[in-house]
Amino acid sequence: MANGRVVQTADRTIGSRQLAALLPAEVLARPGYRALADAVRTLILDGRVALHVRLPAERELAEAVGASRATVTGAYDLLRESGYVRSRRGSGTWTELPEGHRPVGAHALLGAGGYSADGDPGVDLAIAAMGAPEAGLADALARAAARLPALARTSGYHPFGLPDLRSAVADRFTRRGLPTRPEQILVTAGAQQAFALIVSLLCRPGDRVVTENPTYANALDALRHARLRTGSIAVSDTGWDMGIAESTLRQTVPRLAYVIPDFQNPTGALMPPEQRLRLLAATRATGTWLVVDETIADIALDVTAPAPLASLAPRGGADHVITIGSLSKTHWGGLRVGWIRATAKMITELTAVRVSADMTGSVLDQLVALPLLDGMDAALPARLAQLRIQRAALVQSLQRHTPEWSWQIPPGGLSLWVDLGEPVSSALAERAVAAGVHIGRGARFGVDPGTFEHRLRIPYTLPADRLDEGIRRLAAAFHDGIPLPSAVDRPHWVA
């Protein structure tokens, strides 16, 4: 693709210029064979270069990066030795993973268990999600069990979702200020499936999309896997630059824009109402579908939870807005229940795509979700109070162990976007593994390769004692007296 971010073509080959466009500037400035191998390895682990894709011929890549052919040959040799590529005479060099290793996206979901050499289960600071509310979950299970026998006598196929749950989700939107009918709701297996369905229906390989930068890492993975060209709107500590956002939309006319206006992941920023209105108008003017991720919208710690962005549009002015949400952040990630709110026509089209993928959702999960959703307003205050305590505990731990780092306390959400003061995020994350800490390095959240190397996302979703232990270990990895290698200088590594 033209901008170098989409790396998988129909014949599963990445061109030399495409690959060169993905490499960090430091590597292009001094293309040593170890630095080149390390950069390609990182692209494979991050999912920016897909698996089982043919890499450019050595001579072609050497010309594209301004290196000698011997440099590229040495880099490919290192990648073969470490198991990240395989070569066959006459068929080229193809990307793969070493036995027992996974890409970062999948690896992050495995938690930190088993990373420490001495068998210590470690501390997982990579997943920004809480454990389930035990009492509420037990009650929901009991109520689901009472309803299950009647539904078990049916086929069990509800591709749109259980009618009662669709009505409950629609009612909640209406109470929050966005009038919604049940036929405007599709129940999905979490917000990630919701986003993947939307992308599958609305986009084709090569289409332009726009996201915030940084943004939710798994959404970026979905866009890359769909082979889309990604533009970005910067989100800084001071929020969104809506002037640049409007300009980007006018210049690129993207097919789709993906935003997290409520306690943005990972920055925690909250988009002001006037900027929401400008975003609605700008995307409507360019004919861009606006996908609003409300997964974290209810995690309002210091402010009132905002109304849905689409509710701010004049009557009939939000038909291009698609809203997604789930119970993963408010309740439990193990309960795979999410939803899409859109026009009834769009919901019908999305359901047709959904049926081709997994037919229907889990009836049992939806039965459990129904009482949890109905009782959310009563149960949420206790969850938010717990998060405020844990957020304060994380801040205290950071002040005690890493006073040289900086951060802003967000008005809501589940994590801090911490500035390390130097571009060592990836190297620190690798070193932390040996200390039994799994952490979300900043580059995972960046649209462009090599960005946000000075940042870590640190969630406050664990109990205070586990947070302090995790930060203590992380600080020890940062302060152990051995200079952290840059992304260019570090030697062989595997995630």
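User: What volume does the largest cavity have?
Analyst: Good place to start! This is a predicted model, and it is worth keeping that in mind. Rolling a probe the size of a water molecule over the atoms shows where empty space is left. For the largest cavity, the volume comes to about 140 Å³.

User: Which residues that line the largest cavity are the closest to its centre?
Analyst: The lining of this cavity is made up of 14 residues. By class, they divide into 6 nonpolar, 4 polar and 4 charged. Those closest to the centre are Arg172, Arg176, Glu294, Asp298 and Trp339.

User: Which element gives the most to the lining of the largest cavity?
Analyst: Two elements each supply at least two residues of this lining, and one of them is β10 (321-326). The other is a helix spanning 163-175. With 3 residues, the element that gives the most is α8.

User: How many cavities of 30 Å³ or more are there?
Analyst: Let's go beyond the largest one. The second largest cavity has a volume of about 80 Å³. Counting every cavity of 30 Å³ or more, the number is 5.

User: By class, what does the lining of the second largest cavity have?
Analyst: This cavity is lined by 13 residues. Closest to its centre are Asn265, Ile296, Gly413, Leu414 and Ser415. Sorted by class, the lining has 5 nonpolar, 6 polar and 2 charged residues.

User: At roughly what angle do the axes of α4 and α5 cross?
Analyst: Find helix α4 at residues 58-65 and helix α5 at residues 69-81. Their axes come within 8 Å of each other, and the crossing is right-handed. The angle is roughly 115°.

User: Which residues of α5 make the contact with α4?
Analyst: From α4, the contact is made by Glu58, Arg59, Leu61 and Ala62. Taking both helices together, the contact has 4 nonpolar, 1 polar and 4 charged residues. On the α5 side, the residues are Arg69, Val72, Thr73, Tyr76 and Arg80.

User: How many residues of helix α16 are buried?
Analyst: Helix α16 covers residues 425-434 and is mostly covered. Its buried residues include Ser425, Leu428 and Arg431, and what covers the buried ones includes β13 (437-441), β14 (455-459) and α17 (464-478). Of its 10 residues, the number buried is 7.

User: Which residue just after α16 takes a positive phi?
Analyst: Follow the chain past the end of α16, at residue 434. Just after the helix, one residue has a phi of about 80°. That residue is Gly436.

Note on methods
Residues numbered from 1 in each chain as written. Predicted model: local features only at pLDDT ≥ 70, side-chain atom pairs only at ≥ 80, totals over all residues. Heavy atoms only, no water. Axes fitted to C-alpha atoms, helices over the stretch in contact; angles between N-to-C directions. Helix = DSSP H or I, 4+ residues; strand = E, 2+ residues; numbered from the N terminus. Left-handed = near helix turned anticlockwise from the far one by under 90°. Contact = heavy atoms within 4.5 Å. Nonpolar A, V, L, I, M, F, W, Y, C, P; charged D, E, K, R; others polar. 1 Å grid on protein atoms, 1.4 Å probe; cavity = no way out; pocket = protein on both sides within 12 Å on 5 of 7 lines; lining within 4 Å. Points joined across faces, edges and corners; volume = space filled by probe spheres on them. Buried < 20%, exposed > 50% of the residue type's maximum accessible area, 1.4 Å probe, protein only.
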